[in-house]
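The exercises below ask the reader to work through a multichain assembly by means of computed geometric descriptors. Each task is followed by a solution set out in steps.

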Amino acid sequence: MSKRNLFALIFFVIMAVFLFISSLMMHPFGNPEKTNMDDEIIENAQIETGTNNGVTSVVFDYRGFDTLGEATILFTAVAGVIMIFRRMNK
Amino acid sequence: MNGMSRIVKTIASITFPLVMIYGLYIIAHGHLTPGGGFQGGAVVASGCAMILIAYGSVWTLGKIKEKNLSILESVGAICFITLAILGLGFGTVFFKNFLIGSEIIFGIIPSFGSTISNINTAGVIPLMNFAVGLKVIAGLFGIVLIMAYASTRRDKY
Amino acid sequence: MILDAIHILLPILIIASSLFAVLLKDLIAAAIAVAAMSLLLSLEFFILQAPDVAIAEAGVGACLTTAILVIAIKSTKRMEDEK
């Protein structure tokens with residue numbers, strides 16, 4: 001076994017043990033530990049933003065800057081792809 | 001990429017309006033049902049990619065140019081940022097929901113709890129959904145279209 | 001009862017299709033395995049009560065990624081090189 005394979009094996013074992021321990025320490029499904037932000041948004045989102053859909057009120061109103069960053073990433077990706085392939089098409 | 005057989009073209013033509021209706025429904029009802037601009041835009045772009053695979057990229061590029069798709073994507077981005085800046089102008093902060101409570105459009109506030117869905121709610125959020133949906137449709141379909149067209153022209157290189 | 005069985009069965013199918021995607025030598029078959037993994041993952045998101053993420057995953061992961069991968073494979077070689 002070469003040195004590179006040995007290093008990969010050690011790293012794999014460490015990663016597997018870490019993932020196994022962290023999966024044992026997870027909360028049960030549907031019972032988060034801290035619910036301050038959830039209760040705040042569930043109580044106030046329907047009155048403040050007027051949406052019946054809480055997820056959309058978070059995405060477009062409370063966390064609007066996140067959506068702005070996502071739109072910027074998509075714009076940059078499209079601009080890069082079109083810049084590369086437009087030169088190939090000529 | 002050339003077009004496929006007649007069977008594939010017929011089935012794609014039959015299925016295309018259903019996919020369009022589903023995706024546009026997700027975009028338009030983004031503030032009432034699960035989904036929103038990005039999800040509905042991805043569904044509509046998937047339907048357009050199905051037409052592209054069935055009919056070939058040369059035929060599709062005769063119908064719509066990638067320059068127009070690029071312009072549409074920029075229009076979506078500009079609408080999104082303009083709505084955010086209008087919140088700064090009419091309200092107090094960036095991304096302020098300034099249409100809520102007004103009588104112009106989308107101004108009704110539903111009462112607390114599980115209520116009957118009214119599409120005339122949620123202020124500026126449906127307009128942002130439309131802007132982001134336009135942006136995602138044009139962006140994703142533009143990427144797929146120009147990559148498919150470049151793969152047909154590779155024999156020159 | 002049925003939901004518990006689905007909760008156990010779906011991750012096994014996801015892992016199996018990802019293993020197929022890594023191990024197959026035919027690149028088109030590997031792309032189809034990636035699409036199947038993405039579709040099963042969207043079903044998993046749906047039964048974990050996140051329909052937003054499920055719709056996005058089914059649209060982007062199962063359709064557009066497969067289309068881009070197939071286009072890229074068509075303009076290169078189909079089979080993987082043997083060393």
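The exercises that follow concern a predicted model.

**Exercise 1. Describe the fold and extent of chain A, and determine why it is described as more spread out than a compact globule.**

Step 1. Chain A contains 4 helices and 0 strands, and its elements follow the order α-α-α-α from the N terminus.

Step 2. The radius of gyration of chain A is 23 Å, whereas the globule rule gives 12 Å for 90 residues; the value is well over that figure, so chain A is more spread out than a compact globule.

Step 3. Along the principal axes, the C-alpha atoms of chain A occupy a box of roughly 65 × 55 × 15 Å. Of the 90 residues in chain A, 21% are buried.

**Exercise 2. Characterise chain C by its elements, its box and its contacts.**

Step 1. Chain C comprises 3 helices and 0 strands, in the order α-α-α from the N terminus.

Step 2. A box of roughly 45 × 25 × 15 Å, taken along the principal axes, holds the C-alpha atoms of chain C. Buried residues account for 25% of its 83 residues.

Step 3. When contacts in chain C between residues at least 6 apart in sequence are considered, 49% of them link residues at least 24 apart.

**Exercise 3. Examine the backbone and the environment of Gln49(C): is this residue buried or exposed?**

Step 1. Gln49(C) lies in the loop that connects helix 2 and helix 3 of chain C.

Step 2. The phi angle of Gln49(C) is near 65 degrees, a positive value in a residue other than glycine. Most residues other than glycine have a negative phi.

Step 3. The cut-off for an exposed residue is 12 or fewer other C-beta atoms within 10 Å. Gln49(C) has 9 such atoms within 10 Å and is therefore exposed.

**Exercise 4. Analyse helix 2 of chain B and locate its contribution to the largest nonpolar core.**

Step 1. Helix 2 of chain B covers residues 37-55, which is 19 residues. The distance from its first C-alpha to its last is 27 Å, close to the 27 Å expected at 1.5 Å a residue.

Step 2. Helix 2 of chain B is mostly covered, with 17 of its 19 residues buried. Just after this helix, Gly56(B) adopts a positive phi of about 90 degrees.

Step 3. The largest nonpolar core has 65 residues, of which Ala45(B), Ala49(B), Phe141(B) and Val144(B) touch the most other members. Several helices each supply at least two residues of this core, including helix 2 of chain B, helix 4 (64-89) of chain A and helix 3 (51-74) of chain C. Helix 5 of chain B gives the largest share, 18 residues.

Step 4. Apart from neighbours within four places in sequence, Ala45(B) contacts Val136(B), Ile137(B), Leu140(B) and Phe141(B), as well as Leu64(C).

**Exercise 5. Which residue classes form the sides of chain A and chain C that touch chain B?**

Step 1. In the contact between chain A and chain B, 22 residues of chain A meet 37 residues of chain B. Helix 2 (36-48), helix 3 and helix 4 of chain A each supply at least two residues of the chain A side, and helix 4 provides the largest share, 11 residues.

Step 2. The chain A side divides into 12 nonpolar, 9 polar and 1 charged residues.

Step 3. The contact of chain C with chain B takes 13 residues from chain C and 19 residues from chain B. The chain C side has 9 nonpolar, 2 polar and 2 charged residues.

Technical notes
Residues are numbered from 1 along each chain as its sequence is written. Chains are lettered from A and ligands numbered from 1 in the order in which they are written. This is a predicted model: local features need pLDDT of at least 70, side-chain atom pairs count only at pLDDT 80 or more; totals for chains, interfaces and linings use all residues. A residue is buried if 20 or more other C-beta atoms lie within 10 Å of its own, exposed if 12 or fewer, and partly exposed in between; C-beta atoms are placed from the backbone. Two residues are in contact if their C-beta atoms, placed from the backbone, lie within 7 Å. The expected span of a helix is 1.5 Å times one less than its number of residues. A nonpolar core is a set of buried Ala, Val, Leu, Ile, Met, Phe, Trp, Tyr and Cys residues joined through C-beta atoms within 7 Å. Ala, Val, Leu, Ile, Met, Phe, Trp, Tyr, Cys and Pro count as nonpolar, Asp, Glu, Lys and Arg as charged, and the others, Gly among them, as polar. The radius of gyration is taken over C-alpha atoms; the globule rule is 2.2 Å times the number of residues to the power 0.38.
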